[in-house]
Each structure stands twice: as structure tokens, then as C-alpha cells.
Amino acid sequence: MATGQHLEPAPGEMAANAALESPVMVIGQEFVTQHPVDLEMMQKTFSLGMNDCKVTDEDGNLIFQVRSKIATVRDIRYLQDAYGNILVSLKHKLMTAHGRWEVFRGESTEQKDLLFSVKQSSLFQLVSSKLHVFLPSNTTESVPDFRIEGAFIDSSCTIYLGNSNTIVAQMHQQHNLKSTIRWKDDFQVTVSPNVDYAFIIVLVVILDATEDNDDKT
């Protein structure tokens, strides 16, 4: 995957194309590369009870698909590879104060297959969203393993490592990507070297879902 245009970091922040010392591998080693990765997400909403999203590289090659059964009682979404194989399941836990999502390997719902969970950092978020991400080993959840700040509706968000200023990925409006397919809500995600880009895509999907649920309440 080639690299593209990147956002300039704010003072004190590590740029999104800067390599991390320790690899961030959450979903799979095959999604961790030694160079920055630019992906384009193309969303088509409310199609036959599904919420579809395609993720391509800069050349328009399909990398992931997101399928969402929004017509069911529970909000369940699946990240699939280009061949339709389910990599992880995203499940929204109902009746939780902070709108928690849990992400499991494959189609499992067993705790042994839990990869990470995401929840809002506070109950009331008026302008932009702030989400905290916790790995299963973080049982106290006093400090997040990652955090997401921004607004999906503005096609802008930044994903940080813990409470630091180290950027692991950024979402922004697309910049001269070659994909010929144009759906509703196209945008670009830049993932730092040594960061699991499948994990980042799932976080962006959860940000979208969280803001969509907030709009309905």
C-alpha cells in the first residue's frame, strides 16, 4: 500500500506517519506494516436493513467490508476481509450508561475471544466525541489503552495511544485517492507504521455507530 498526504500534528503530538517503538497488534499480525497505511472508507447507509461500508487501499483494491444488521434488536456489525470472511464482531451492549461496545474474534460472543471494548469517556458529549478503548488485560479501566477524539460527521478524528499525545491514526477528508467507486460519506484513514490497521478501522466504525446512536436518543 502506498503512502499519501498526511495531516500535520499539533504541537507536542507525534505525527500519524511516525513509527511506534512497540507494534500495536490487536486483531492480527498480518494487519501490521512497517510503513504508514492510507485507507479509504466508503459508506452506503440503510440498504435493505444493512449499513454497508467498504474499505479500499489507494489503488481501489478492496481490503475490508463492514456489514451491519441494523434491523435486528441488537446492533451487531461485522468486519470482513475482501472475500467475505468475518474477522471480528462488534456488539453494542444495551442498557449501559456509556454505550459500551465489545469486539470479539470471528462471530464469537465468549469472553475468551474478547479483543477489546470501547465506551464513551463521559455521559454527555455535545460537540465532539471522546471514546476510551480498553484491552481485556485492563481490568480496572482507570486509564484507557487508546482514546478517540473527534467527530465522524466532520470526517475528522484522531486516535491516540493511552492518555499520551502519540497519534496512532487519523481520519480526514480524502486526498487524491485513486478509487473510482464513490459512495456516500467517503473519507481517508491514515494509520501509523507498526499499528494494526484492521483495529483502527473497527474503532472508526464504532465512532460512527456511537454518534449515530446519540442522534437517535
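Buried here means under 20% relative accessible area. The views below are close-ups of a predicted model.

**View 1. Edge-to-face pair of Phe31 and Tyr197.** One of the five aromatic pairs counted in the model joins Phe31 and Tyr197, with 5.7 Å from centre to centre and 75 degrees between the planes. Phe31 belongs to the segment before strand 1 (37-47) and Tyr197 to helix 1 (residues 197-216), so the contact ties together parts 166 residues apart in sequence. With a relative accessible area of 10%, Phe31 falls under the 20% limit and is therefore buried. Tyr197 is buried as well, because its relative accessible area is 8%.

**View 2. Edge-to-face pair of Phe116 and Phe199.** The ring centres of Phe116 and Phe199 are 4.9 Å apart, and the planes meet at 85 degrees. Phe116 sits in strand 7 (residues 114-120) and Phe199 in helix 1, which makes this a link between distant parts of the chain, 83 residues apart. Phe116 has a relative accessible area of 0% and is therefore buried. Phe199 also counts as buried, at 0% relative accessibility.

**View 3. Cluster of Phe31, Phe64 and Tyr197.** Phe31 and Tyr197 appear again here, joined with Phe64 into a cluster by ring pairs. Within this cluster, the pair of Phe31 and Tyr197 is edge-to-face.

**View 4. Arg147 over the ring of Tyr160.** This view turns from ring pairs to a charge over a ring. Arg147 lies over the face of Tyr160, and its distance from the ring centre is 4.2 Å.

Conventions. Residues numbered from 1 in each chain as written. Predicted model: local features only at pLDDT ≥ 70, side-chain atom pairs only at ≥ 80, totals over all residues. Heavy atoms only, no water. Phe/Tyr/Trp six-rings, centres within 6.5 Å; stacked < 30°, edge-to-face > 60°. Helix = DSSP H or I, 4+ residues; strand = E, 2+ residues; numbered from the N terminus. Buried < 20%, exposed > 50% of the residue type's maximum accessible area, 1.4 Å probe, protein only. Lys NZ or Arg CZ within 6 Å of the ring centre and 35° of its normal.
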